[in-house]
Amino acid sequence: MRVIAALSGGVDSAVAAARAVDAGHEVVGVHLALSRSRSTTGTSKGCCSIADSQDARRVADVLDIPYYVWDLSEDFARDVIEDFVEAYRDGLTPNPCLRCNETIKFAAVLDRALALDYDAVCTGHYARIVPGADGSELHRAVDPTKDQSYVLSVLTQDQIAATLLPLGDSLKSQVRAEAAERGLRVADKPDSHDICFIPDGDTSGWLRERLGDQPGEIVDAATGEVLGQHTGAFAYTIGQRRGLDLREPAASGARRYVVDIDPVERRVWVGAEDLLAATVIEARDPIWCGPAPGSGTRAWVQIRAHGEAMPAQLDIDDGVTAHLDSPARGVAPGQAMAMYDGTRVVGSATIVRR
Amino acid sequence: MQPDRAYLDHAATTTLLPEAVDAWAQAASRVGNPSSLHSAGRAARRLVEESREAIADDLHVRPSEVIFTSGGTEADNLAVKGLVWAQPDRGRILCSAIEHHAVLDPVSWLGDQGCKVDWLTVDEFGRVDPETVRARLSDDVALCTVMWANNEVGTVQPIAEIARACEEAGVPFHTDAVQALGQLRVDGSLPGITSLALSGHKIGAPVGTGALVLRRDARIVPVTHGGGQERDVRSGTFDAPGIAALAVAVRHAVDHQALHAEEISALRDELISAILQVAPTAVVNGHVSERLPGNVHVSFPGCEGDTLLMLLDAAGVECSTGSACTAGVPEPSHVLEAMGVAPAVARGSLRFSLGRTSTQADIDRVVEVLPGVLDRASRASSPRVRRTR
């Protein structure tokens with residue numbers, strides 16, 4: 001096959017590309033420029049991205065494959081960053097990695113690859129693609145600590161069929177060792193954790209720059225009593241406990257959590273832990289990774305990137321309603337609810353406010 | 001018969017001239033610092049000074065007016081910063097909006113340091129109008145700088161007129177002649193030229209060689225302080241082998257300029273008409289006649305430059321999107337922007353640049369592969385159906 005290997009400059013995509021080369025594919029390395037790294041006056045900023053692109057180039061050199069940079073900064077700004085800001089403005093909790101997979105890596109990049117007569121896109125995500133009775137299936141990775149099937153649960157079967165994920169059967173430690181054996185200097189590069197377009201990790205500060213101060217009240221969900229003030233509801237996430245900075249402790253002495261966010265009234269509702277419990281999760285705009293399941297199907301649902309899978313029954317119409325066997329905590333509107341049949345990803349849908 | 005690959009990126013760097021390689025190797029095999037006082041040092045110094053004299057003759061200037069540098073960027077930085085710093089009582093800089101980054105960035109930097117920068121606009125063909133320069137010249141201008149010919153779109157500037165206007169106003173004038181040398185007649189003695197930058201590797205000398213031609217009476221502050229070489233303007237050990245190679249390449253460039261220009265402009269015109277035949281919607285950027293003989297700069301509406309580049313590379317054609325890159329990310333071209341080219345059109349631009357080793361076979365190869373490449377590239381950038389959530 002003719003394969004476009006996305007090279008981030010990290011160890012995972014490097015080993016994935018190397019394995020694609022070993023498998024006999026004709027591989028071209030592509031680094032995705034997702035943000036502009038140089039201002040018009042010529043002062044360098046965002047040096048991380050320049051360093052990553054250098055690392056990606058050196059990986060391609062070692063693998064002896066062609067290397068190009070594709071400028072997708074406009075797509076990324078519109079489809080991922082803007083979407084991220086909008087979601088917070090609406091009181092939601094977005095997942096930008098998932099959105100990037102949905103709109104950039106397996107859409108803009110894959111579309112371009114196919115149009116350029118390539119057959120597939122190869123990435124260093126930890127998940128498995130296996131042939132099944134109804135076509136290609138997406139499954140959880142073998143390494144449970146690295147499994148990234150959640151952020152890939154937005155892929156359609158056509159996208160999955162044109163994707164190579166060579167790392168799904170490996171442990172991260174094996175991938176690092178293999179990178180070292182192959183002479184890839186990125187072998188000991190630290191994992192990336194933060195949101196790539198917020199390099200200092202200060203998400204609420206970053207949002208504040210874009211959304212400005214939006215002062216509002218912090219309100220007790222049980223009594224309606226105003227407990228404090230905040231300068232922006234976007235700094236809060238459902239289930240958050242730390243950093244509420246309330247003057248007085250709850251009368252019961254119980255810990256208080258963010259239980260709801262009202263972006264219109266700019267109100268952050270806080271309350272006891274049991275208010276976070278939900279047995280019904282409603283989600284919209286499902287994407288199915290294969291044939292759509294019938295309503296009433298039993299499945300495992302996962303509601304955040306590193307969350308546990310919980311057994312549920314799915315009622316499916318335009319949207320999906322999951323009836324959990326036992327209550328879940330911290331169901332955040334805007335996050336994806338990924339649905340699994342064992343290790344197989346069935347699909348995903350976006351959690352809505354109740 | 002077609003060559004395996006067609007190299008059409010001579011404006012980025014060109015093939016080494018065999019005579020320049022020989023000159024470099026001969027000098028490099030001998031020991032001796034040109035600043036040393038013993039026999040080995042004197043022999044090396046003699047080579048440096050003979051090279052300086054040769055280059056001075058070729059550019060119609062005096063030997064003492066040739067200052068060797070590590071290349072075009074250093075020469076431009078030395079001229080821009082050095083000339084401005086030497087006139088602290090003058091706070092304004094006139095700079096064309098289409099300069100190479102080697103000029104643009106030091107000028108912007110001086111702007112950040114407190115200088116006032118007047119960016120000189122260009123017309124749709126990328127030409128600076130000498131009258132707009134004249135209108136802005138006054139006794140508070142420390143430096144006016146306009147490149148001899150543009151590296152992206154190849155537009156040749158009315159340098160003689162601009163230089164004369166500067167001379168009349170008593171304003172120092174610097175010109176970046178990196179792309180011009182070897183393709184145009186470059187005369188460093190034109191009235192009003194204070195300094196002129198040139199680069200070795202654009203004319204067949206090794207990378208790391210270059211010079212600033214600086215009028216003897218110009219006041220300049222050094223950027224690099226040290227051992228006092230090059231009239232105390234540019235310290236650093238003389239690179240005798242590089243300087244020898246540079247002199248050979250400059251001599252070759254100047255001696256062969258007229259014939260070379262004739263030959264490659266014929267190939268250039270053939271390439272332009274072939275491209276327009278294959279792609280009738282393509283737009284040739286730059287000036288029709290006032291154009292570097294080796295420059296072809298074309299926008300292909302509906303295509304992305306980086307896609308075209310990748311497909312051409314795979315098809316054995318090596319060219320450029322023409323704009324500066326950091327981390328391999330093509331930046332929106334400030335040159336096309338200044339010319340008023342729409343951003344969507346500018347994105348689909350390619351620069352083919354011809355040089356000494358360019359042949360008919362190179363052109364034939366482009367013509368052969370271009371239809372397929374354009375077809376694919378336009379499909380790859382067609383708007384995709386977006387799924388919305």
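**Figure 1. Contact between domain 1 and domain 3 of chain A in the predicted model.** In this predicted model, 21 residues of domain 1 of chain A are in contact with 17 residues of domain 3 of chain A. On the domain 1 side, β6 (135-140), α5 (149-152) and α6 (157-161) of chain A each contribute at least two residues to the surface that touches domain 3 of chain A. The most comes from β6(A), which gives 5 residues to that side of domain 1. By class, the residues on the domain 1 side comprise 10 nonpolar, 8 polar and 3 charged. The centres of domain 1 and domain 3 of chain A, taken over C-alpha atoms, are separated by 25 Å. The domain assignment of chain A places domain 1 at 2-188, domain 2 at 213-275 and domain 3 at 277-351.

**Figure 2. Open sheet of four strands in chain A.** In chain A, 4 strands form an open sheet with mixed pairing, in the order β9-β8-β11-β10. At the edges stand β9 (226-230) and β10 (257-262) of chain A; each has a single partner strand, so one side of each is left without a neighbour in the sheet. On average, neighbouring strands of this sheet are turned by 25 degrees against each other, direction ignored. Within the sheet, strand β8 (residues 216-220) and strand β11 (residues 267-271) of chain A run parallel and are joined by 3 bridges. A:Ile218 has A:Val268 opposite to it in β11(A).

**Figure 3. Strand β12 of chain A and its pairing with β15 and β17.** Strand β12 (residues 278-288) of chain A runs antiparallel to strand β15 (residues 320-328) of chain A, and 5 bridges join the two. A:Ala278 has A:Ala328 as its bridge partner in β15(A). β12(A) also pairs with strand β17 (residues 344-351) of chain A, in the antiparallel sense and over 4 bridges. In β17(A), A:Thr350 is the residue opposite A:Arg284.

**Figure 4. Open sheet of seven strands in chain B.** An open sheet of 7 strands in chain B has the order β2-β8-β7-β6-β5-β3-β4 and mixed pairing. Its edge strands are β2 (66-69) and β4 (116-120) of chain B, each pairing on one side only. Averaged over the sheet, neighbouring strands are turned by 20 degrees against each other, direction ignored. Strand β7 (residues 195-199) and strand β8 (residues 210-214) of chain B pair in the antiparallel sense, with 5 bridges. Here B:Val213 in β8(B) is the bridge partner of B:Leu196.

**Figure 5. Helix α4 of chain B against the sheet.** Helix α4 (residues 101-112) of chain B lies across four strands: β3 (92-96), β4, β5 (141-145) and β6 (173-176) of chain B. The helix runs at about 155 degrees to β3(B). Of the strands it crosses, β4 (116-120) of chain B is an edge strand of the sheet.

**Figure 6. Contact between the two assigned domains of chain B.** The domain assignment of chain B gives domain 1 as 6-14 + 257-380 and domain 2 as 18-255. Their centres, taken over C-alpha atoms, are separated by 27 Å. In the contact, domain 1 of chain B supplies 27 residues and domain 2 of chain B supplies 28 residues. On the domain 1 side, α8 (257-278), β10 (295-299) and α10 (334-338) of chain B are the elements that give two or more residues. That side of domain 1 has 8 nonpolar, 15 polar and 4 charged residues.

**Figure 7. Overall dimensions of chain B.** Chain B contains 12 helices and 14 strands. Along the principal axes, its C-alpha atoms fill a box of roughly 70 × 50 × 45 Å. The radius of gyration of chain B is 22 Å, which agrees with the value near 21 Å for a compact globule with 389 residues.

**Figure 8. Confidence and the segments with low pLDDT.** The predictor gives the complex an ipTM of 0.83 and a pTM of 0.87. For chain A the mean pLDDT is 91, and 96% of its residues reach 70 or more. Over residues 38-47 of chain A, pLDDT stays under 50, and the model has 10 contacts beyond four places in sequence for this segment. For chain B the mean pLDDT is 94, with 95% of its residues at 70 or more. Residues 384-389 of chain B stay under 50 in pLDDT, and the model has 3 contacts beyond four places in sequence for them. Where pLDDT is low, the predicted coordinates should not be read in detail.

Conventions. Residues are numbered from 1 along each chain as its sequence is written. Chains are lettered from A and ligands numbered from 1 in the order in which they are written. This is a predicted model: local features need pLDDT of at least 70, side-chain atom pairs count only at pLDDT 80 or more; totals for chains, interfaces and linings use all residues. Two strands pair if DSSP finds at least two bridges between them. Axes are lines fitted to C-alpha atoms, for helices over the stretch in contact, and angles run from 0 to 180 degrees between N-to-C directions. Two residues are in contact if their C-beta atoms, placed from the backbone, lie within 7 Å. Domain bounds come from an automatic or database domain assignment. Ala, Val, Leu, Ile, Met, Phe, Trp, Tyr, Cys and Pro count as nonpolar, Asp, Glu, Lys and Arg as charged, and the others, Gly among them, as polar. pLDDT is the predictor's confidence in each residue, from 0 to 100. The radius of gyration is taken over C-alpha atoms; the globule rule is 2.2 Å times the number of residues to the power 0.38.
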